[in-house]
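Colleague: Hi! Could you walk me through this model before I head back to the bench?

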Amino acid sequence: MEGRNEPQWLSPDESDAWLALSWLMFKLPGAFDTQLQRDSGISFFEYLVMAGLSMSPGRRLRMSELAQFVNGSLSRLSNVVKRLEQRGWVFREPSAENGRFVEAVLTDTGWELVVAAAPGHVETVRRYVFDALRPEQVAELRDIGRQVARQVGPGQGWPPSAPRNVVAD
């Protein structure tokens with residue numbers, strides 16, 4: 001096409017880095033999913049939902065904030081929360097602060113599942129990610145992840161708003 005600028009193609013180093021990252025984006029979640037399905041009977045996404053709730057005050061979070069935390073659409077999250085409700089691990093209710101919002105709440109049974117699943121998940125994260133890195137690379141990975149996240153979602157806070165807790169770390 002005339003008048004169209006030629007794309008700025010990736011250099012060989014950029015191409016290698018992009019292929020490595022692409023591979024990770026597809027393979028790593030699958031490895032986590034396999035471990036969690038095998039050991040706990042839940043998907044990686046279900047674990048992220050319940051872990052996000054486990055790290056929140058009162059084990060509750062607005063659905064919109066939870067969707068941001070798990071990096072999922074509100075409709076996908078709603079479908080997953082519905083399945084978790086059917087299993088007795090989560091329930092939804094209007095926010096006490098503002099009834100226009102719906103909050104997801106982790107039940108005691110859901111909490112017990114997250115507590116039981118967390119050690120195996122953390123072991124898998126450590127084996128696939130952190131055991132392969134030198135200590136200084138951990139900080140580099142964090143910084144790179146945050147920087148790329150800001151490029152993808154400008155104006156969105158990172159990490160998401162759920163507070164941290166030892167159960168899901």
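Modeller: Happy to; what follows is a chat about the fold, the core, the surface and the salt bridges.

Colleague: Great. What kind of model is it?

Modeller: It is a predicted model.

Colleague: Okay. How many helices and strands does the protein chain have?

Modeller: There are 6 helices and 3 strands in the protein chain. Starting at the N terminus, the order of elements is α-α-β-α-α-β-β-α-α.

Colleague: And how do the strands pair up?

Modeller: E3 pairs with two partners. Strand E1, residues 60-62, runs antiparallel to E3 and is joined to it by 3 bridges. Strand E2, residues 90-94, is also antiparallel to E3, with 5 bridges.

Colleague: Which residue of E3 is the bridge partner of Arg60?

Modeller: That is Val105. For another pair to look at, Glu103 in E3 stands opposite Glu93.

Colleague: Why is E3 described as largely enclosed?

Modeller: Because 4 of its 5 residues are buried, E3 is largely enclosed by the rest of the structure.

Colleague: Let's turn to the inside. What share of the chain is buried?

Modeller: Of the 169 residues in the protein chain, 33% are buried. In soluble globular proteins, nonpolar side chains tend to be buried together. Here, the largest nonpolar core has 31 residues.

Colleague: Which members of that core touch the most others?

Modeller: Val49, Met50 and Val90 do. As for where the core comes from, the elements giving two or more residues are helix H1 (12-40), helix H2 (44-54), helix H3 (63-70), helix H4 (74-86), strand E3 (102-106) and helix H5 (108-128). The largest share is from H2, with 7 residues.

Colleague: What does Met50 touch, if we skip residues up to four places away in sequence?

Modeller: Met50 touches Ile42, Leu84, Trp89, Val90, Leu106, Gly110, Leu113 and Val114.

Colleague: What about contacts across the chain as a whole?

Modeller: Taking contacts with a separation of 6 or more, 57% are between residues 24 or more positions apart.

Colleague: Now the outside. How big is the accessible surface?

Modeller: The protein chain has about 11300 Å² of accessible surface, and carbon and sulfur atoms account for 55% of that. There is also a nonpolar patch on the surface, formed by Leu10, Trp18, Leu19, Leu21, Trp23, Leu24, Met25 and Phe26. Together these residues have about 900 Å² of accessible area.

Colleague: Pick one for me: where is Leu21?

Modeller: Leu21 is in helix H1. With a relative accessibility of 39%, Leu21 counts as partly exposed.

Colleague: And Ala116, is that buried or exposed?

Modeller: Ala116 counts as exposed, at 60% relative accessibility. This residue belongs to helix H5. Its C-alpha atom is 7.9 Å from that of Ser40, although the two residues are 76 apart along the chain.

Colleague: While we're in that area, where does Ser43 lie?

Modeller: Ser43 is in the loop between H1 and H2. Its relative accessibility is 14%, so Ser43 counts as buried. Apart from neighbours within four places in sequence, Ser43 is in contact with Asp33, Leu36 and Gln37.

Colleague: Changing topic: how many salt bridges are there?

Modeller: The structure holds 10 salt bridges. One of them joins Arg83 and Glu46, with an N to O distance of 3.7 Å. Arg83 is in helix H4 and Glu46 in helix H2, so this pair ties together parts 37 residues apart in sequence.

Colleague: How exposed are those two?

Modeller: Arg83 counts as partly exposed at 37% relative accessibility, whereas Glu46 is buried, with 4% relative accessible area.

Colleague: Any others between separate parts of the chain?

Modeller: Yes, Asp108 and Arg59 meet through their side chains in a salt bridge, at 2.5 Å from N to O. Asp108 is in helix H5 and Arg59 in the loop between H2 and E1, so the parts tied together are 49 residues apart in sequence. Asp108 is exposed, with a relative accessible area of 52%.

Colleague: Which residues are joined into a network by shared partners?

Modeller: Glu46, Arg83 and Arg87 are joined into one network by salt bridges that share partners.

Colleague: Last one: what does Arg38 pair with?

Modeller: Arg38 forms a salt bridge with Asp39, and their closest N and O atoms are 2.9 Å apart. Arg38 is exposed, at 58% relative accessible area, while Asp39 is partly exposed, at 45%.

Methods. Residues numbered from 1 in each chain as written. Predicted model: local features only at pLDDT ≥ 70, side-chain atom pairs only at ≥ 80, totals over all residues. Heavy atoms only, no water. Core = buried A, V, L, I, M, F, W, Y, C linked by side-chain atoms within 4.5 Å. Buried < 20%, exposed > 50% of the residue type's maximum accessible area, 1.4 Å probe, protein only. Contact = heavy atoms within 4.5 Å. Patch = residues over 30% accessible without salt bridge, like charges linked within 9 Å, V, L, I, M, F, W, Y side chains within 5 Å. Areas by Shrake-Rupley, 256 points an atom, 1.4 Å probe, with all protein chains shown as cover. Salt bridge = Lys/Arg side-chain N within 4 Å of Asp/Glu carboxyl O. Pairing = 2+ DSSP bridges.
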